[in-house]
Amino acid sequence: MKSLDFHNEFEKIINRDYFSKKIQPIRKNAFDKFSEFGLPNKKLEDWRFTNLNHFLKSSYVLSESKHSEPLKLDLTKFEIPNTSTIVFINGHFKKELSDKIDNVRLLSGIDYLESKNWSLQNPSDCPFELLNTSFMDSGMSIVLEEGQNPEKPIRFLFIASAKEELMISPKIHIDCSLNSSLTFIEHQVGYSDNFFMNSSINCFLDENSSLHHIKIQSDSPKAVNINRVHVKQNKDSQYTFFSLALDSQLSRLDIKNDLNGEGADCSINGLSLSTQNEQLGSHILTNHFSPNCSSSQNFKNILHGKSSGIFNGKTVVHQNAQKTDSKQSNKNLILSNNAIMNSNPQLEIYADDVKCAHGSTTGSLDKDAIFYLRSRGLSFMNAQKLLMEGFAVELFDVIKNESIKTFIIQKFEKWLSEKT
Amino acid sequence: MPNEQQIIDSNLSKEYEYGFVSDIESETLPPGLNENIIRIISKKKDEPQWLLDWRLKAFELWKKLPEPSWANVKYEKIDYQAISYFSAPKKKELASLDEVDPELLRTYDKLGIPLEEQKMLSGVAVDAVFDSVSVATTFKEDLKKEGVIFCSFSEAVKEYPHLVKKYLGSVVPHSDNYYATLNSAVFTDGSFVYIPKGVRCPMELSTYFRINEANTGQFERTLIIADKDSHVSYLEGCTAPMRDENQLHAAVVELVALENATIKYSTVQNWYPGAPDTGLGGIYNFVTKRGACLGENSRISWTQVETGSAVTWKYPSCILKGDNSVGEFYSVAVTNNFQQADTGTKMIHIGKNTKSTIISKGISAGKGQQTYRGEVKIMKGAENARNFSQCDSILIGDKCGAHTFPYIDVRNPSAQMEHEATTSNIGEDQMFYCNQRGISSEDAVSMIVNGFCKDVFKELPMEFAVEATKLMEVSLEGSVG
């Protein structure tokens with residue numbers, strides 16, 4: 001889809017009467033900017049390794065109300081025990097399929113914007129963020145009151161299931177007030193052949209609050225998944241992120257984390273698994289604006305087939321962010337002759353009293369280790385499996401909730417047995 | 001005993017020791033760059049037509065190229081028309097040292113590298129480049145016996161045109177990048193080395209570059225060819241006098257290593273870093289250095305100690321084309337006061353079983369900004385390629401910066417690739433440990449920094465290791481607390 005092709009769809013969304021008039025100038029403003037900039041290309045440093053060919057060739061349309069009924073649906077497959085689930089079919093909120101959540105304030109996108117006096121929380125000039133703002137049509141916002149601590153994790157389950165190639169643009173806000181804490185699961189599932197998920201998640205963590213953010217993405221092999229997460233953290237807040245990315249033709253995750261208050265801590269983790277020709281990218285930017293903050297980035301890729309993996313992690317320690325403790329790690333397994341890995345772990349440091357380290361390794365399974373296991377009676381397949389499992393399993397430790405952890409480990413085991 | 005802050009202040013405010021201007025008449029072209037200037041340079045150097053054509057081709061391209069701006073450095077835009085592209089000391093063709101202008105000799109004395117002494121004591125052949133034209137070349141006869149060619153570039157063009165024509169631009173083509181293209185159009189002189197088959201060069205080859213004439217950009221071109229089974233170690237060192245206007249240095253160094261050949265290229269760079277309180281007047285060091293390991297089992301090793309220049313922007317690289325070839329990069333870079341450096345390396349693995357090692361140590365003090373930017377690329381056919389990178393930085397003072405931007409691109413599953421980096425300051429506990437045992441803060445810092453750099457210094461040839469340690473002392477010792 002070229003940038004010009006978006007005009008038709010934009011006409012459609014701006015004429016939808018069920019959206020508030022107040023939103024239209026926000027959309028228009030974003031779309032004008034997008035039209036001016038156009039889509040990113042490889043000449044931009046940030047987009048150097050991202051191949052948009054598949055995206056440019058597809059033509060996506062808006063998800064209409066007729067798309068709110070799925071083609072096929074088997075929710076049991078995606079069940080995670082002890083979670084409150086909110087279901088979105090092709091971007092449309094399905095009340096009848098969702099759990100009822102008491103005591104937690106859930107707002108629609110419009111209501112949230114209204115509560116913020118019709119201004120965007122994180123305006124950005126990233127072309128896909130501008131597209132998201134122009135077309136935002138789904139999602140929900142969670143607002144936690146002071147000291148609130150919902151017992152069950154809240155899960156947003158996005159299911160894409162339609163004949164057409166749909167464009168879905170959720171905009172989600174999560175506001176954690178003083179001393180509150182939440183486990184939030186973002187679960188994306190694709191039944192459609194090809195669709196374009198362009199999500200924007202904005203988190204605000206006030207003093208001493210904590211947010212565990214888990215993202216599970218298993219799409220159809222032709223899906224385009226472009227996600228942005230923007231986190232702003234105040235004093236002593238804690239943010240943990242874990243992402244499991246599987247399938248999808250193009251998957252790009254941009255996480256921007258601003259540590260604005262002293263003592264804030266963030267830990268960003270991810271595991272990307274490929275089977276054939278996926279493009280799995282993780283672009284992480286951690287900004288240390290305040291002293292005594294700690295951050296870690298830990299990403300792993302296992303690449304098969306003609307897939308490619310990107311890790312572009314950057315930690316910026318600004319001048320007054322003394323006593324920063326920051327770690328970056330990127331480890332990759334390449335298991336085929338045609339897979340490509342681009343790893344750019346970057347550090348930008350303007351303060352002197354800091355501890356910053358990063359490391360990156362790329363390679364295949366150690367032949368000696370395989371030999372060792374085989375000499376003890378394991379089959380070649382099982383030896384490989386065991387090594388891959390050992391490679392990935394450390395990441396799952398960041399997930400504190402047992403039922404989610406089990407679900408993710410099952411997903412991983414399934415992928416592993418299909419792959420070996 | 002002075003306290004730490006006083007030590008910091010006194011050392012940070014240390015003036016550049018080697019700032020002076022030699023008073024030698026020189027023949028200089030008016031500033032400006034056009035086709036005519038290139039023709040004049042070519043004519044003055046009595047060059048053959050093919051070389052002039054090559055220069056003009058590069059110049060045509062240069063006019064169309066945009067000036068790059070991606071580096072993590074800030075500097076005032078260069079006015080390429082304000083630079084004079086040719087400057088040569090008037091006295092030429094000297095047979096022995098006695099004929100060299102005494103003023104020039106004094107210049108070397110001040111730098112602590114008296115030509116005669118070096119000749120006698122260290123056995124180093126020195127091809128002294130004073131501004132742009134080689135004035136005196138020593139030990140030429142000794143080298144001739146082994147068949148080693150070590151001469152100025154212009155001499156090589158006249159004497160060995162077949163070699164120059166074959167290898168010039170083979171590693172760094174005239175279209176490579178903005179500054180290499182500019183260099184290809186206007187280069188004035190440089191060094192040329194050819195080591196014949198099976199010869200181990202009997203001595204370390206060395207060139208001292210020196211920017212002398214005000215407003216003269218130096219556009220050196222170095223070409224080193226190591227034929228099959230040969231071995232050479234080459235030293236390059238630089239100092240420059242104090243200037244108020246920024247001076248551009250856009251040199252090109254090309255290394256070619258054939259089968260089983262080894263080239264070791266060491267640099268100690270100590271150009272004028274600019275006025276300590278403003279950063280004005282320092283050298284812009286935008287150099288393109290690249291080596292090609294063409295043959296099997298060949299090896300290229302870059303070692304650099306960068307303490308000078310206002311802006312350093314260079315990436316000595318290795319193209320590992322031959323099977324089993326090895327590329328190495330050892331670097332210590334110091335940025336103090338207003339110095340900026342964006343440096344690193346590129347290792348392109350093409351052949352099978354190729355290996356590369358990158359050790360980069362950055363020390364940033366005062367308001368210095370330092371960036372390590374490196375690329376390791378493992379191409380599809382590079383079976384069993386191996387890379388190890390380590391980039392560490394020390395930060396001294398709260399106004400400096402250290403940045404690391406590695407690019408790792410792996411296209412072969414059998415590759416093994418490791419990268420690690422740390423950034424920290426000198427720990428209070430380390431300082432305390434030393435102080436407690438009666439070592440002054442100044443000595444402790446010197447000790448810690450020296451230990452930090454040891455991995456790189458041990459790669460330097462003997463002669464340079466001494467100079468490097470001395471340079472580190474001048475640039476840094478005690479500027480920390």
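**Helices, domains and two chains: asking how we know**

Modeller: In helix 2 of chain A, I26(A), R27(A), A30(A), F31(A), K33(A), F34(A) and F37(A) meet P127(A), L130(A), L131(A), T133(A) and S134(A) of helix 5 of chain A. Keep in mind that this is a predicted model.

Biologist: What makes those residues of helix 2 and helix 5 of chain A count as meeting?

Modeller: The cut-off is C-beta atoms within 7 Å. The residues I just named are the ones that meet, so they pass that test. By kind, this contact has eight nonpolar, two polar and two charged residues.

Biologist: How do the two helices, 2 and 5 of chain A, lie against each other, and what is their angle?

Modeller: Helix 2 (residues 23–37) and helix 5 (residues 127–135) of chain A pack at about 150°, and their axes are 8 Å apart. Helix 2 of chain A goes past helix 5 of chain A in a left-handed crossing.

Biologist: Why is helix 5 of chain A called mostly covered?

Modeller: A residue is buried when 20 or more other C-beta atoms lie within 10 Å of its own. In helix 5 of chain A, nine of its nine residues are buried, so each of them reaches that number. Among them are F128(A), E129(A), N132(A) and F135(A).

Biologist: Let's go to the other chain. How do you know that strand 21 of chain A and strand 25 of chain B pair?

Modeller: At least two bridges are needed for a pair. Seven bridges join strand 21 of chain A to strand 25 (residues 416–425) of chain B, so they do pair. The two strands run antiparallel. As one case, T362(A) has M417(B) in strand 25 of chain B as its bridge partner.

Biologist: How many residues of each chain does the contact take?

Modeller: Chain A gives 30 residues and chain B gives 29 residues. On the chain A side, strand 20 (340–349) and strand 21 (355–363) each supply at least two residues. Strand 20 of chain A gives the most, with 10 residues. That side of chain A divides into 13 nonpolar, 13 polar and four charged residues.

Biologist: And within chain A, where do the domains run?

Modeller: Domain 1 covers 3–365 and domain 2 covers 366–420 of chain A. Their centres, taken over C-alpha atoms, are 27 Å apart.

Biologist: What makes domain 1 and domain 2 of chain A count as being in contact?

Modeller: The 7 Å cut-off between C-beta atoms again. By that test 26 residues of domain 1 of chain A touch 20 residues of domain 2 of chain A, so the domains are in contact. Strands supplying at least two residues each to the domain 1 side include strand 9 (181–190) and strand 17 (294–303) of chain A.

Definitions and conventions: Residues are numbered from 1 along each chain as its sequence is written. Chains are lettered from A and ligands numbered from 1 in the order in which they are written. This is a predicted model: local features need pLDDT of at least 70, side-chain atom pairs count only at pLDDT 80 or more; totals for chains, interfaces and linings use all residues. Axes are lines fitted to C-alpha atoms, for helices over the stretch in contact, and angles run from 0 to 180 degrees between N-to-C directions. Helices (H or I, at least four residues) and strands (E, at least two) are DSSP runs, numbered from the N terminus. A crossing is left-handed if the near helix is turned anticlockwise from the far one by less than a right angle, and right-handed if clockwise. Ala, Val, Leu, Ile, Met, Phe, Trp, Tyr, Cys and Pro count as nonpolar, Asp, Glu, Lys and Arg as charged, and the others, Gly among them, as polar. A residue is buried if 20 or more other C-beta atoms lie within 10 Å of its own, exposed if 12 or fewer, and partly exposed in between; C-beta atoms are placed from the backbone. Domain bounds come from an automatic or database domain assignment.
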